[in-house]
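The exercises below work through backbone geometry, burial and strand pairing. Please attempt each task with the sequence and the coordinates open before turning to its solution.

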Amino acid sequence: MPFFQSKEQEDYINSLNAAIQLFSERAEALDESRGFPFENMKELKEFGYPTLTLAKEYGGSGGSLYDFLLAQEAIATQCGPTALAIGWHVGTVLSLTEKKPWNSDVLDEFFQEVANGAIVNTAATEPNSGSPTRGARPETVATKQGNQWSITGRKTFTTLSYILDIILVTAWIQEEETMGTFLIHRNLDGVSIEETWDMVSMQGTGSHDLVLQDVIVPEKYLVVRQQPGKKQGEGWLLHIPACYLGIATAARNYAVEFAKTYKPNSLPSPIRDLPNVQRTIGEIELELAEARHFLYSVAEKWEQQPEQRPFLMKELGAVKHSVTNHAISVVDKAMRVVGAKSLQRNNPLQRYYRDVRAGLHNPPMDDATITLLAKSALYD
C-alpha cells in the first residue's frame, strides 16, 4: 500500500529510487571494507537530496517531514548506513528551517552554505556522558577570549565525519554555568577526526570521534544557550525508525523473492507453497503494515496538527520503539524463511540483521520511552 500524499511525492521518490539504484550493489563491499559510502553521498548530492528540507527561498526543495521520511525509507531499503548518516544532515536542516532558533544573520549564512553544498551534523555525545537525551553535562569546554570562544573536547559518534563541513558542537561554558551550542567549521585549526568507529553494524556511517583542541570560534557562532536536561522529542527524529523500516523492507523483499524461487528437489514447487513459509511471510507483512501506518500517521499529525505536539511528544518515542522492534522482528523472520543460507557472509540478510539492531541504541532508548508512557498514564 503506497503512503504517498500527493503525485509530487510519488514522482520524487521514483526519481530518487532511480538515482540510488547502485547503493545496494555497493553495500556488501562497504560493510566488508568498514569504509564510508563516498560514492553514495556524491550521488545524493548530485540528486539534490541534502537540500530536500531546505526552504525554497534558499534554493532548496522545501520538503516536509513526511517527504523526508518517505525518502529515508527508500534510501535505507538500498543501504541502511547511507540513509541513517545523511538523515542527520537533512533532519538538522529541517529542524532549523522550522524553528529558526538562531540569530537571523547566522541562520541566513548557514542556510546559504547548505544551499552551496555544505554538510552538517550535531556532535553532542561524549565518552563519559552517554546519550545526550539523558541530560548529562558536556565535558567539552568553551572559554571566552575577548570576542571569541576557545573550545576543547572530544565528541563520539560524529556521524558523517568524513564529509562534514559544519559541526554543531555542545560545550560547557564555565563562567556562565550553562551549556552552549557552537557552529564550528570543519576547516578551522584544532579540528580533527580520530578514526575510532569500529562496529559490527552501521559501519558505513563514519561515526568517528571529533577532537577539538583550542579551536577558536567567533562570538556570533555561539548559536544557542541552554541548561542541560533531558531533551524533548522532535518530529525530525522519526528519520531513525524510517531508516530501520527500510532495512526491514529490504529483508522482506529478499525473503519473498527467495520463497518464490527456491525449490529444493524434495518438493514439487517452490517453498512459497509451504504453510509454515506462508505463515511467516504473512507475519512479516502484518508487522511492516503496523509499523508503516504508525510511523506515517504520527508524522502526518505532527505536521497537520501542530497544536497537538505536546501530546504527540510521547508518540514520537512510541513510534521509534515500535517501528524499530518490528523491524528487528521482520529481519529475524526473513532469516527463518531463508534458513542457514541467511548466515553466509555474502548474503545481505546477515548484514540487515546486524544493521537493524543498531536501532536499539539510537535515541530515544526503549526504557526511556516505556517510562514516559507509563508516567503519562499514571500521573497526568
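**Exercise 1.** Is Arg34 buried or exposed?

*Solution.* The model is a predicted one, in which local features need pLDDT of at least 70 and side-chain atom pairs count only at pLDDT 80 or more, while totals for chains, interfaces and linings use all residues. Residues are numbered from 1 along each chain as its sequence is written, and side-chain values use heavy atoms, with hydrogens and water left out. Arg34 has a relative accessible area of 52% and is therefore exposed (buried means under 20%, exposed over 50% and partly exposed in between, with a 1.4 Å probe and protein chains only).

**Exercise 2.** Describe the backbone at Arg34 and at Glu177, and place each residue in the chain.

*Solution.* Begin with the expectation that most residues other than glycine have a negative phi, and that most peptide bonds are trans. Arg34, although not a glycine, has a positive phi of about 55 degrees, and its place is in the loop between helix H2 (23-33) and helix H3 (38-47). Helices (H or I, at least four residues) and strands (E, at least two) are DSSP runs, numbered from the N terminus. Glu177 likewise has a positive phi, near 55 degrees, and lies in the loop between strand S4 (166-173) and strand S5 (178-185). Glu177 is partly exposed, because its relative accessible area is 41%.

**Exercise 3.** Which peptide bond is cis, with omega near -10 degrees?

*Solution.* The bond in question runs from Pro363 to Pro364. Pro364 is located in the loop between helix H10 (348-356) and helix H11 (366-379).

**Exercise 4.** Work out how strand S3 is paired, and then characterise Thr158 within S3.

*Solution.* Two strands pair if DSSP finds at least two bridges between them. Strand S2 (residues 141-145) meets S3 in the antiparallel sense over five bridges, with Val141 standing opposite Thr152 of S3. The hairpin of S2 and S3 has two residues between the strands, and in this hairpin Gly146 takes a positive phi near 65 degrees. S3 is also joined to strand S7 (residues 208-218) by eight bridges, again antiparallel, and here Trp149 stands opposite Val217 in S7.

Turning to Thr158, this residue is found in S3 (residues 148-158) and is buried, since its relative accessible area is 1%. Not counting residues up to four places away in sequence, the contacts of Thr158 (heavy atoms within 4.5 Å) are Ala123, Leu164, Gly206, Ser207, His208, Asp209 and Leu210.
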